[in-house]
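Q: Please take a close look at one exposed spot on the backbone. Then go on from there to how the rest of the chain is packed.

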Amino acid sequence: MYNVSISPHVRDKSSTQKIMLDVAIALVPTLAFGIFKFGLNSLMLVLVSAISCIAFEAGYEYIAKKPITVFDGSALVTGLILAVNLPPTATWWMVIIGAAFAIIVVKMLFGGLGQNFMNPALAGRCFLMISFTQRMTDFNIDGVSGATPLAAVRNGEQVEIMDLLIGNHGGCIGEVCVIAILLGAAYLMIKRVINPRVPITYILSTIAIIAIIRLIQGEGFDAHYLLVQLLSGGLLVGAFFMSNDYVTTPITYRGQILFAVIIGLLTAVFRTLSSTAEGVSYAIIIGNLLVPLIEKVTVPHPFGCSEIMKFRGGRKNG
């Protein structure tokens, strides 16, 4: 008995549900640390974000009389990634608004999973940043300043590298502890859910371009400053959990490299030349919008096509 099908012939046991489960598991360490550090309000925000995304997707599909797809896990992952990017001082109603924008506007109105033109969770986060800028940049906990390392280093303050590794600083719920983030990233790579090509290229491009910009500005080379840029903010989270989204990342090898370099350039520019100390979310969103163009200019030629075109050109010229 043979299974007859058209190409491509997929020989893999992976499924959307399994992939999403692995991503959710990989997010557990960094979210758990954020909840431990920032308290019960952070736990509430994570739960509200995940439940809201699932509810909005199921509700939309029920009203539109479409098959219910929440069991594939994609809505859960969107909610968890949105929670990763929230400050611990956010309010529950803000989270619901962000989840509604991410699921209904960015994902479902464009056809659901596989049809969204940008990362829904990042789109929800950017929407909240634009709508509630002050609340989304408030990291004060119980009246104690929770300034992020990126803001601190921009103001000329000293930042300890060990504090970045163990999460002893302010920031969003899921981006403060480098060790926890790398544990999740290692899990995804061991399970082969992600390819390190895009994340590593993105990280290296960001740091290299920041170094070049500082040299042009006459700041000189500062290894400590570059380490702070690498280990703080959303760079590592964005690289390993958001930049390689299956739907909004180029499928060609050259396209993935070009995509990673572009978002690295944008992140470096936002972090060094703009009024904000961060820039990962906006960089990846803009990169998502450029994916159709990137794939168009990086599409590989069929084997032997270039030689045939040369032969035809020679015949015409002859």
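**From one loop residue to the packed helices**

A: Arg192 counts as exposed, at 74% relative accessibility; exposed means over 50% relative accessible area, buried under 20% and partly exposed in between, taken with a 1.4 Å probe and protein chains only. The model is predicted, so local features need pLDDT of at least 70 and side-chain atom pairs count only at pLDDT 80 or more, while totals for chains, interfaces and linings use all residues. Residues are numbered from 1 along each chain as its sequence is written, and side-chain values use heavy atoms, with hydrogens and water left out.

Arg192 is found in the loop between helix H9 (178-190) and H10; helices are DSSP runs of H or I with at least four residues, strands are runs of E with at least two, and both are numbered from the N terminus. Its phi is positive, about 60°, although Arg192 is not a glycine. Most residues other than glycine have a negative phi. Lys65 is another case, with a positive phi of about 55° although it is not a glycine either. Lys65 lies in the loop between H2 and H3 and is exposed, with a relative accessible area of 78%.

The loop with Arg192 leads into H10. Helix H10 (residues 197-216) gives eight residues to the largest nonpolar core, the most of any element. A nonpolar core is a set of buried Ala, Val, Leu, Ile, Met, Phe, Trp, Tyr and Cys residues joined through side-chain atoms within 4.5 Å. This core has 75 residues, and Leu27, Leu31, Tyr202, Phe240 and Phe241 touch the most other members. Leu27 touches Leu80, Ile81, Val84 and Phe241, not counting residues up to four places away in sequence. A second, separate core has five residues, including Phe33, Val176, Cys177 and Ala180.

H10 also packs on helix H11 (residues 223-231), at an angle of about 145° and with the axes 10 Å apart. Axes here are lines fitted to C-alpha atoms, for helices over the stretch in contact, and angles run from 0 to 180 degrees between N-to-C directions. The crossing of H10 and H11 is right-handed; that word applies if the near helix is turned clockwise from the far one by less than a right angle, and left-handed if anticlockwise. From H10, Ile203, Ile207, Ile210, Ala211 and Arg214 meet Tyr225, Leu226, Gln229 and Leu230 of H11, contact meaning heavy atoms within 4.5 Å. By class, seven of these residues are nonpolar, one is polar and one is charged. In this scheme Ala, Val, Leu, Ile, Met, Phe, Trp, Tyr, Cys and Pro count as nonpolar, Asp, Glu, Lys and Arg as charged, and the others, Gly among them, as polar.

The other exposed loop residue, Lys65, sits between H2 and H3. The axes of helix H2 (residues 40-63) and helix H3 (residues 74-84) come within 8 Å and cross at roughly 145°, and the crossing is right-handed. Among the residues that meet are Val46, Ala50 and Ile54 in H2 and Leu76, Leu80 and Ala83 in H3. This contact has nine nonpolar, four polar and one charged residues. H2 also crosses helix H4 (residues 92-107) at roughly 35°, with axes that come within 9 Å, and this crossing too is right-handed. Here the contact has 13 nonpolar, two polar and two charged residues.

H10 has a further partner in H14, whose buried residues pack against helix H5 (120-131), H10, helix H12 (235-242) and helix H13 (253-273). The buried residues of H14 include Ile284, Gly287, Asn288, Val291 and Ile294. Helix H14 (residues 280-298) has a kink of about 50° at Leu290, shortly before the proline Pro292; the bend at a residue is the angle between axes fitted to the seven residues ending there and the seven starting there. Val291, also in H14, is buried with a relative accessible area of 7%. It is in contact with Thr248, Thr249, Pro250 and Phe259, leaving aside neighbours within four places in sequence. The C-alpha atoms of Val291 and Pro250 are separated by 5.8 Å, although the two residues are 41 apart along the chain.

Over the whole protein there are 15 helices and zero strands. Buried residues make up 47% of its 318 residues. Of the contacts with a separation of 6 or more, 75% join residues 24 or more positions apart.
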